[in-house]
Amino acid sequence: MRRTLILIFCALLLCPVAPGAELRVGIIGCDTSHVPEFTEVLNNPEAKGHVPGAKVVAAFPGGSKDILSSWSRLDGYTKTLREKYEVRIYDSIEVMCRDVDAVLLESLDGRPHLEQARLALKARKPLFIDKPMAGSLRDVIEIFRLARETGTPVFSSSSLRFAKDTQAARNGAFGKLTYVETYGPCEREPHHPDLFWYGVHGVEALYAILGRGCQTVQRETTPEGKIRVVGSWNHGRTGIFCEDKSFHGVARGEKGEVSVGSFDGYAPLLAAIVKFFQTGVAPVAPEETMEIFAFLEAADTSKKQNGAPINIRELLAKAAAN
């Protein structure tokens, strides 16, 4: 009997919520279009691609006064949550966390993510952090350190990771791949490294296929003035991100050439998030996410050094030491 009770207690510790229960989800940051779009897919059973198992019930507005695309949309999205979805709006992250099972950190600005994540992790709430995960590689590393310290699961990902063609390539459907090139928009925001703001999505697709193992990064400019970042992976693999108007890509390997890097909407990502909240098991390893942001920072460093190759391992070590 005692052994049975111990096993039940351990299972409850490992599982953030009771099996089969509908999760009560809180949102931090109401200044991005992901907020109403994610809430629609989760809360509305009639929505296209509806993902069951979780419901947004609470939100902390947040917002950044020095970013136009943040403060100009904050009130409207907050009003939509409150009036259309009957979401309770809180003045405090700490108080909101008391009333939810899990948290979506959606703040458009990556800079406050560390402090916002710190509060959710202190409350031991499973946490998904939308892109960009933070405003610097150092902050990304610190968030994962806090997650380990509090024993709280956390992950971050772009929705592009879960597109069908990208997942097929990652899972070996096209054999061993030695060359991957992804394309996507790369709008810049002056308070973030160049690729953090939007280029991160295309780079996420690149890593979803190739995984960890990038050794050096070089940033170039195309004849049209677009960003082109070349990564040299171990085992002779090459991964390239190119700035473009839409999300797409190509991968080459032992079975020829295939299309990758598409955008299939938010439902596949939300399905992964809900499963993560239910199980506490992240679908993306912290080490992979940290390397993604090292790639992004290395691209900026390479730009400052006139396209010189930047060693990823050295950059990660330096950020971790600081």
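**Close-up views of a predicted model**

**View 1. A hairpin links β11 to β12 through two residues.** This is a predicted model, and we begin with its antiparallel strands. Strand β11 (residues 248-253) and strand β12 (residues 256-259) run antiparallel and are joined by four bridges. Look for Arg 252, whose bridge partner in β12 is Glu 257. Strand β11 also pairs with strand β7 (residues 177-184), again in antiparallel fashion, through six bridges. Here Leu 177 has Gly 253 of β11 as its bridge partner.

**View 2. The whole chain holds 11 helices and 13 strands.** Its radius of gyration is 20 Å, close to the 20 Å from the globule rule for 322 residues, so the chain is as compact as a globular protein of that length. Along the principal axes, the C-alpha atoms fill a box of roughly 60 × 50 × 45 Å. Keep this frame in mind for the closer views that follow.

**View 3. Six strands make an open, parallel sheet.** Reading across the sheet, the order is β3-β2-β1-β4-β5-β6. The edges belong to β3 (88-89) and β6 (154-156); each has a single partner strand, so one side of each is left without a neighbour in the sheet. Further in, strand β4 (residues 102-105) and strand β5 (residues 127-129) run parallel, with three bridges between them. One residue to find is Leu 105, which has Ile 129 in β5 as its bridge partner.

**View 4. Helices α2 and α5 lie across strands of the sheet.** Helix α2 (residues 34-43) lies across β1 (23-28), β2 (54-60) and β4, and runs at about 150° to β2. Helix α5 (residues 113-122) lies across β1, β4, β5 and β6, running at about 170° to β5.

**View 5. Helices α2 and α3 pack with their axes 9 Å apart.** The angle between these helices is about 25°, and α2 and α3 are therefore roughly parallel to each other. From α2, the contact takes in Val 35, Pro 36, Thr 39 and Glu 40, which meet Tyr 77, Thr 80, Leu 81 and Lys 84 of α3. Sorted by class, the residues of this contact are four nonpolar, two polar and two charged.

**View 6. Helices α6 and α11 cross at about 65°.** Helix α6 (residues 137-150) packs against helix α11 (residues 312-321) with the axes 9 Å apart. At this angle, α6 and α11 are therefore roughly perpendicular to each other, and their crossing is right-handed. On the α6 side you will find Leu 137, Arg 138 and Ile 141; these meet Leu 315, Leu 316, Ala 319 and Ala 320 of α11. The contact of α6 with α11 has six nonpolar residues, one charged residue and no polar ones.

**View 7. Two backbone details sit in loops.** Most residues other than glycine have a negative phi, and most peptide bonds are trans. In the loop between β5 and α6 lies Pro 132, and the peptide bond leading to Pro 132 from Lys 131 is cis, with omega near -10°. The other detail is Glu 86, found in the loop between α3 (68-84) and β3. Glu 86 is not a glycine, yet its phi is positive, near 55°.

Terms used. Residues are numbered from 1 along each chain as its sequence is written. This is a predicted model: local features need pLDDT of at least 70, side-chain atom pairs count only at pLDDT 80 or more; totals for chains, interfaces and linings use all residues. Side-chain values use heavy atoms; hydrogens and water are left out. Axes are lines fitted to C-alpha atoms, for helices over the stretch in contact, and angles run from 0 to 180 degrees between N-to-C directions. Angles under 35 degrees count as roughly parallel, over 145 as roughly antiparallel, 65 to 115 as roughly perpendicular and the rest as oblique. A crossing is left-handed if the near helix is turned anticlockwise from the far one by less than a right angle, and right-handed if clockwise. Contact means heavy atoms within 4.5 Å. Ala, Val, Leu, Ile, Met, Phe, Trp, Tyr, Cys and Pro count as nonpolar, Asp, Glu, Lys and Arg as charged, and the others, Gly among them, as polar. Two strands pair if DSSP finds at least two bridges between them. The radius of gyration is taken over C-alpha atoms; the globule rule is 2.2 Å times the number of residues to the power 0.38.
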